[in-house]
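Me: Could you take a close look at one small part of this protein with me? I'm new to this, so please go step by step and keep it friendly.

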Amino acid sequence: MKKVAIEVTTPAYWQEACAHLMKKDRVMRKLIPQFGDACLQSRGDPFVTLARSVVGQQISVAAAQTIWDRFVKIGKGKLQPSKVLKMKVDDMRACGLSARKIEYLVDLALHFDSGALHVKLWEGMDDEAIIAELVAIRGIGRWTAEMFLIFHLLRPNVLPLDDIGMLRGISENYFSGESVSRSEAKEVAAGWAPYRSVAVWYLWRSLDPLPVAY
């Protein structure tokens, strides 16, 4: 079977961001050099990225991958909104998808297929405007929207205050393992702007050295 090449995009601002963070923050000064040339990467298309996030909700990574592979198989090729809207519910259930996730995936496909999302305008829209569009989709909450901003749109200044990994990273790197509140996290992150996404990415790496592509 011929493998399909996946285009991977890396942010143009990365080196500038690293220099800024290392100058402004003592923890980042030590943390960033530990990971060499590794950096944030985006791949795939927006529909597939969001569909994968829905499939993976509240289940293990392994289980999510198994269900996703089955789901893509019944789509017969590249997964597109129009294909999802033509799928039979029974076939989707047979993949291991719950009734609720099927509803979420159909709603996601409808938003893309109908043109309700301003996908082509996202590049010029601010973060909060994009989040507002995404959370209007069933099954997409603020955290998922923020992950989409970071990993797909490569937005440089996102601070996901509901992210457990980020809070744990701040706890271990700045507070010697003591738990931190959202307000304490915001205070630590104040010096990271305008590259808060980059700092968060390095905190994630401090917990799991393998780079993530969303």
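Does Ser-176 count as buried or exposed, and at what relative accessibility?

Reply: Ser-176 counts as exposed, because its relative accessibility is 74% and the cut-off for that word is over 50%. Keep in mind that this is a predicted model. To find this serine, go to the loop between α10 and α11. Now look at its backbone: phi is positive, about 55°, although Ser-176 is not a glycine.

Leu-154 makes a handy companion here. Its phi is near 60°, again a positive value in a residue other than glycine. Leu-154 lies in the loop between α9 and α10. Its surroundings tell another story, though: Leu-154 has a relative accessible area of 10%, so it is buried, whereas Ser-176 is exposed.

Back to your serine, and on to the helix at the far end of its loop. That is α11, which covers residues 182–189, and its buried residues are Ala-185, Val-188 and Ala-189. These three sit on the same side of α11, because they cover an arc of only 95° around the axis. If you wonder how a helix can do that, here is the trick: an α-helix has 3.6 residues a turn, so residues three or four places apart point the same way. Turn the helix around and you meet Ser-183 and Glu-187, exposed residues on the face turned away from the buried side. And what does the buried side pack against? Its partners are α10 (164–174) and α12 (196–207).

Keep going and you reach the loop between α11 and α12, where Pro-194 is found. Stop here for a second, since the peptide bond from Ala-193 to Pro-194 is cis, with omega near 5°.

Now hop to the other end of the loop that holds Ser-176. Helix α10 spans 164–174, and a polar contact of 2.8 Å joins the side chains of Tyr-174 and Asp-25. That aspartate comes from quite another stretch of the chain, the loop between α1 (14–24) and α2 (26–31). Leaving out residues up to four places away in sequence, Asp-25 touches Tyr-174 and Trp-192.

Asp-25 deserves a moment of its own. This residue is buried yet has no salt bridge; Arg-26, the nearest side chain of opposite charge, is 6.3 Å away. A salt bridge would need the charged atoms within 4 Å. Its side chain still has polar company: besides Tyr-174 at 2.8 Å, it reaches the backbone nitrogen of Met-28 at 2.9 Å.

One more helix is good practice for the one-sided pattern you saw in α11. In α8 (residues 127–135), the buried residues are Ile-130, Ile-131, Glu-133 and Leu-134. Looking down the axis of α8, you'd find them within an arc of 160°, so they line one face of the helix. Among what covers them are α3 (46–55) and α9 (142–151). At the start of α8, a side-chain oxygen of Asp-126 comes to within 3.3 Å of the backbone nitrogen of Glu-128.

So, to come back to your question: Ser-176 is exposed at 74% relative accessibility, and it sits in the loop between α10 and α11.

Definitions and conventions: Residues are numbered from 1 along each chain as its sequence is written. This is a predicted model: local features need pLDDT of at least 70, side-chain atom pairs count only at pLDDT 80 or more; totals for chains, interfaces and linings use all residues. Side-chain values use heavy atoms; hydrogens and water are left out. Helices (H or I, at least four residues) and strands (E, at least two) are DSSP runs, numbered from the N terminus. Buried means under 20% relative accessible area, exposed over 50%, partly exposed in between (1.4 Å probe, protein chains only). Lys and Arg count as positive and Asp and Glu as negative; His and the chain ends are not counted. A polar contact is a pair of N or O atoms within 3.5 Å; within protein, one must be able to donate a hydrogen and the other to accept it, and residues adjacent in sequence count only if both atoms are side-chain atoms. Contact means heavy atoms within 4.5 Å. The arc is that of the directions from the helix axis to the C-beta atoms.
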